[in-house]
Amino acid sequence: NRAKTQGDAHCHYSRRMAGDLRRRLRLLNDLQAALDQAAPVQLQLHYQPKVALPHGRIVGAEALLRWRTAAGDEVPPEQIVSLAESAGLMVALGERVMHAACRAAAAWRAGGHPDFGIAVNVSPSQFRSPGFVESVQRCLAATGLAAAGLELEITETIAMQDIDAVIGVLHALRRLGVRIALDDFGTGFSSLAYLHQLPIHTLKIDRSFLRDFPAPRGRTTMAELVVRLGRRLKLDLVAEGIETAAQAQALERMGCRGGQGYLFSPPLAEGAFAALLAARR
Ligand code: C2E
Ligand code: MG
Ligand code: MG
Ligand code: MG
């Protein structure tokens, strides 16, 4: 009887694995098909405002990938990225994302928001691909976006591997005039000893640090420590995931000048974001 139960469990397990595999293959197929199109309707960018604290004036946006498959499923961006990385499609996908985001930002800057900045997430394989710096340069040239209007968001996973090569690429990007942000700071494995060596402009404080923030009087929070660290290193600070006015005010009082979060706006489709921007002029 026990053997039968185990046999059933095993059978159930492999059926689930086969199901997962089938789903992954179907998604890969869909992704490849979408990338084969010049303007895939299923792959879209949403834009989340980046604001100045505490008032919420929009200073730019982060471009965030959205994918609704032909079958109608929303695939979370982390999953899109891992799928694309595993299939060698991430460089192509990343270039599409950067191009679309830079094109939109160039239009918004020309349309009355001359200081608007666009932030684009860069995946590990994209960052490590040999032609990355050139692809950024080509993208700026093709879209007409001023380099200062682009901020690339890299993660600690990127930053901590082969540190000398990474620093070399970051310097090359800086020479183009592009800005660099370290995303999700504090959630990865970065060593503090390396942080001051990285030629970055901005620290993005991960939203997990805002969960217990602000804390009752007198209690020090991680958010506060990260803000102090960033200020000490003379970096710009952006807090992610601000959901309450109390968080925005407390962050600003500590010296964190930038923020993103549902308090101000969720990520919006391009048209909705453009309307919001126009209304704020
Ligand atoms: P991220 O770069 O840290 O982006 C911030 C995430 O926080 C976004 O999730 C955003 O929707 C979410 N968020 C913003 N404000 C709030 C808030 O107030 N509360 C809560 N609970 N969440 C908030 P999203 O869009 O699901 O993206 C998840 C991650 O996927 C991103 O994290 C980024 O690492 C990755 N990603 C998205 N688009 C791209 C892309 O084009 N390329 C690459 N390489 N990665 C991307
Ligand atoms: Mg990001
Ligand atoms: Mg982040
Ligand atoms: Mg995050």
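This note sets out points on the metal site, the ligand, the cysteines and the aromatic residues of a predicted model.

1. Metal site. The magnesium ion designated ligand 3 is coordinated by D183 and D184 through OD atoms and by E240 through OE, at 1.7 to 2.2 Å. Along the sequence, these donor residues follow the spacing D-D-x55-E. Because water is not among the atoms, the site may look incomplete.

2. Paired ions. A second magnesium ion, ligand 2, lies 3.8 Å from the magnesium ion that is ligand 3, and D183 coordinates both. The two aspartates can also be described by their accessibility. D183 has a relative accessibility of 6% and counts as buried, whereas D184, at 25%, counts as partly exposed.

3. Surroundings of ligand 1. Ligand 1 is surrounded by 23 residues, of which the closest are E62, R66, R207, E243 and Y262. Within this group, E243 has a side-chain N or O atom 2.5 Å from a nitrogen atom of ligand 1. On its own, ligand 1 has 810 Å² of accessible area, and the protein covers 86% of that area.

4. Further polar contacts of ligand 1. D183, which coordinates both magnesium ions named above, also has a side-chain N or O atom 2.9 Å from an oxygen atom of ligand 1. N121 places a polar side-chain atom 3.0 Å from an oxygen atom of the ligand.

5. Cysteines. How many disulfides does the structure hold? The number is 0. A disulfide is a covalent bond between the sulfur atoms of two cysteines. For C102, the closest cysteine sulfur is that of C139, at 3.6 Å, which is too far for a bond; the cut-off applied is 2.5 Å. C139 is likewise in no disulfide, its nearest cysteine sulfur being that of C102. Are these cysteines buried or exposed? C102 is buried, with 0% relative accessibility, and C139 is buried, with 7%.

6. Aromatic pairs. The structure holds 6 aromatic pairs. One of them joins F127 and F132, whose ring centres are 5.8 Å apart. The planes of F127 and F132 meet at 45°, so the pair is tilted; the tilted class lies between stacked, under 30 degrees, and edge-to-face, over 60. F127 counts as buried at 3% relative accessibility, and F132 is buried with a relative accessible area of 3%.

7. Aromatic cluster. Which residues form one aromatic cluster? The members are Y47, W108, F116 and F273.

How values were computed: Residues are numbered from 1 along each chain as its sequence is written. Chains are lettered from A and ligands numbered from 1 in the order in which they are written. This is a predicted model: local features need pLDDT of at least 70, side-chain atom pairs count only at pLDDT 80 or more; totals for chains, interfaces and linings use all residues. Side-chain values use heavy atoms; hydrogens and water are left out. Buried means under 20% relative accessible area, exposed over 50%, partly exposed in between (1.4 Å probe, protein chains only). Rings of Phe, Tyr and Trp (its six-membered ring) pair if their centres lie within 6.5 Å; planes under 30 degrees apart count as stacked, over 60 as edge-to-face and the rest as tilted. Donors are N, O and S atoms within 2.8 Å of the metal (3.2 Å for Na, K and Ca); water is not among the atoms, so sites may look incomplete. A residue is near a molecule or strand if one of its heavy atoms lies within 4 Å of it. A polar contact is a pair of N or O atoms within 3.5 Å; within protein, one must be able to donate a hydrogen and the other to accept it, and residues adjacent in sequence count only if both atoms are side-chain atoms. Accessible areas come from the Shrake-Rupley method with a 1.4 Å probe; for residues, only the protein chains shown count as cover.
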